[in-house]
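Visitor: Please take one part of this protein chain and go through it closely, then set it against the rest of the chain.

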Amino acid sequence: MPLIQESPESYDVCIVGSGAGGSMAAKVLAEAGANVVVLEAGPEWSVQDDGAMFDWNYSSPRRGASTTDRPFGEFDACLGGWDIDGEPYTTTEDTEWEWFRARMLGGRTHHWGRISLRFGPDDFNGKSVDGHGDDWPIDYEDLKPYYDRVDRMIGLFGSEENFYNAPDGIFMDPPEPRCYERVLKQGAEDINIPVIPSRLSILTEQHNGRAACHYCAQCNRGCTTHSNFSAPVLLNPALETGNVTLITNAMVREVTTDKEGQATGVSYVDTQSRREQKVESDVVVLAASACESARLLLNSTSPRHPNGLANSSDAVGRYLMDSTGTTVAGVIPELLNQPAHNCDGVGGMHMYVPWWGYDQNLDFPRGYHFELWGGRGMPGYGFGSGIQNLNGLFPGDEETKKKGGGGYGQQLKKDYRRFYGAMVGMSGRGESIAHRDNYCEIDPNTTDEYGIPVLRFNHSWREEEYLQVKHMQEKGREIIDAAGGEPLGTMPDREDGYGITTPGEIIHETGVTRMGTDPDESVLNEYCQAHDVDNLFVADGGPFVSQPHKNPTWTIMALSMRTAEYIVDQREKGNL
């Protein structure tokens, strides 16, 4: 029996997780005067001490290559990854699921793409529009005031387009398109596909004491000027109130309950001392990431909650979603042999393709967008790999004919300089439909190194998702062709899933603690409050009823703000 230490202090609110949802809840609650404790499974992390914004790839023995702990590159500002020593997860037979977990203060907010898209009116009412999935218990007008306030609080750039089902926000001016983006834009518009400025939470002007972006293009390494959004933008002012206690290296095991079944706090394992600890609170907010929050609820069994906490509907872990995705790449001959020029900018795309096919007769529901990439970004390990395949496709003069193995010496350098910046691509991100039989559950036979039962995933793509990705491949190739380019590789066929990504790989996990009006069909009410336990809330992507093709982070923060203010209101009324 491990020794369990209880904190001598009882808090008003305990928040599990310090990412987008947790940091927003902490700020709102602390500024309202609540005594808050935030638990984070990983260590502290600061951009000043731990970031690598100005390091060169070539200064590293690994040339910036990825590591197990940093699968997006050696300098990526995220500790964790797909595989974490001592923290396994499992899948059922025939299921492929990739579960990315960050273990650090601020979670995944340090390295995400900052794509900050509002969900549109149709995204909250999908079933009413096309009969698939379910409608949310709230609509766009319910969340619009919170989107507006998140925009003003954090800041983002974009442009007012009045584009169908892609609501405008409160934007700063967007950066100018890069060279390759102008070429792709012209090609796409020649075949009537729109390309508009992207919408990223990166400052193009000073805002709330933060400097404008200096265009080093290394956002995923951690920004020392806080010009992009990551959790410290919210956590720091929360901590400055003096109302927040931060506990890192705290791997939460379960939500504790009293004999009436109400939440009383959480128990956690201190990952450094390996001792079990407890904190008590009047309210518990789970913001650990969608699947991690579901895991906590399913592991929180008791006589009052034998099927897991807040799970009388048997919906915890169900309706698991991730975005669909695929990538199309090509070479634009017009961009070969570019003179040296600065291709920096914000750390992400300056332009993107919003979903334009909403009024077309298609063989799949919902839609997708294209994220554009290319340019002359900092070379790292693997840069230009397989260049012999390119100089074979575009032989040019005698010196640039295809060479087996890629060539050697000066000729190889010439080839690299020739193709540097001519490669472009589009990554599609689409909506999948929520299904009850896509789910995660507790694996009865496996625990992590802390003795906590792990998740087992059950998931499959449906035919509608394969057809959507087929459309992405076809249109992406048409755009590159229209831009005067040559798509690379043959289009993947049905046997290859049309190139669809592995579920979970886009890291848009949502839906496993869905909200709804019927307690028999959903876990949470419209304020992300558990139907079964009224002092328990969820503030990550778990409450989503659908996961539109848009990046979920802006909606997570808008919902978290709304939930936190509801908690303040209910506390003032004596209901919590």
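**A buried leucine and its surroundings**

Guide: Leu390 has a relative accessible area of 10%, under the 20% cut-off, and is therefore buried. The model is a predicted one. Leu390 sits in helix 9, which covers residues 387–393. Beyond the neighbours within four places in sequence, Leu390 makes contact with Val331, Phe419, Met423 and Leu488. The distance to another part of the chain can also be given: His549 lies 159 residues away along the chain, and the C-alpha atoms of Leu390 and His549 are 32 Å apart.

A second buried position is Thr510, in the loop between strand 17 and strand 18 (536–538). Thr510 counts as buried because its relative accessibility is 1%. With neighbours within four places in sequence left aside, the contacts of Thr510 are Ala290, Tyr319, Leu320, Met321, Gly541, Phe544, Gln547 and Pro552.

Strand 17 (486–487) leads to the sheet, where it is one of the edge strands. The sheet is open and has six strands, in the order 6-12-13-14-11-17, with antiparallel pairing. Strand 6 (196–197) is the other edge strand, and each of the two pairs on one side only. In general, the strands of a sheet pair through backbone hydrogen bonds, either parallel or antiparallel. Within this sheet, strand 12 (residues 351–353) and strand 13 (residues 368–374) run antiparallel and are joined by two bridges. Tyr352 stands opposite Glu371 of strand 13.

Another antiparallel pair is formed by strand 8 and strand 9 (residues 263–270), with seven bridges between them. Strand 8, residues 250–257, is mostly covered, since six of its eight residues are buried. Met251 faces Val269 of strand 9 across the pair. The hairpin of strand 8 and strand 9 has five residues between the strands, and there Gly261 takes a positive phi near 90°.

Positive phi values also occur in residues other than glycine. After strand 9 comes a loop that runs to strand 10 (276–286), and Arg274 lies in that loop. Phi of Arg274 is near 65°. Its relative accessible area of 46% makes Arg274 partly exposed. Arg63 has phi near 55°, again a positive value in a residue other than glycine. Arg63 is placed in the loop between helix 2 (47–50) and strand 3 (80–81). At 42% relative accessibility, Arg63 is partly exposed.

The chain as a whole gives the setting for these details. Its secondary structure comes to 12 helices and 18 strands. Of its 576 residues, 59% are buried. Contacts between residues 24 or more positions apart make up 72% of those with a separation of 6 or more. The radius of gyration is 24 Å, which agrees with the value near 25 Å for a compact globule of 576 residues. Along the principal axes, the C-alpha trace spans about 80 × 50 × 50 Å. The accessible surface comes to about 22800 Å², and carbon and sulfur atoms hold 45% of it. The chain has 49 positive and 86 negative charges, and the mean positions of the two sets are 5 Å apart.

Note on methods. Residues numbered from 1 in each chain as written. Predicted model: local features only at pLDDT ≥ 70, side-chain atom pairs only at ≥ 80, totals over all residues. Heavy atoms only, no water. Helix = DSSP H or I, 4+ residues; strand = E, 2+ residues; numbered from the N terminus. Rg over C-alpha atoms; globule rule 2.2 N^0.38 Å. Buried < 20%, exposed > 50% of the residue type's maximum accessible area, 1.4 Å probe, protein only. Contact = heavy atoms within 4.5 Å. Areas by Shrake-Rupley, 256 points an atom, 1.4 Å probe, with all protein chains shown as cover. Lys, Arg positive; Asp, Glu negative; His and termini not counted. Charge placed at Lys NZ, Arg CZ, Asp CG, Glu CD. Pairing = 2+ DSSP bridges.
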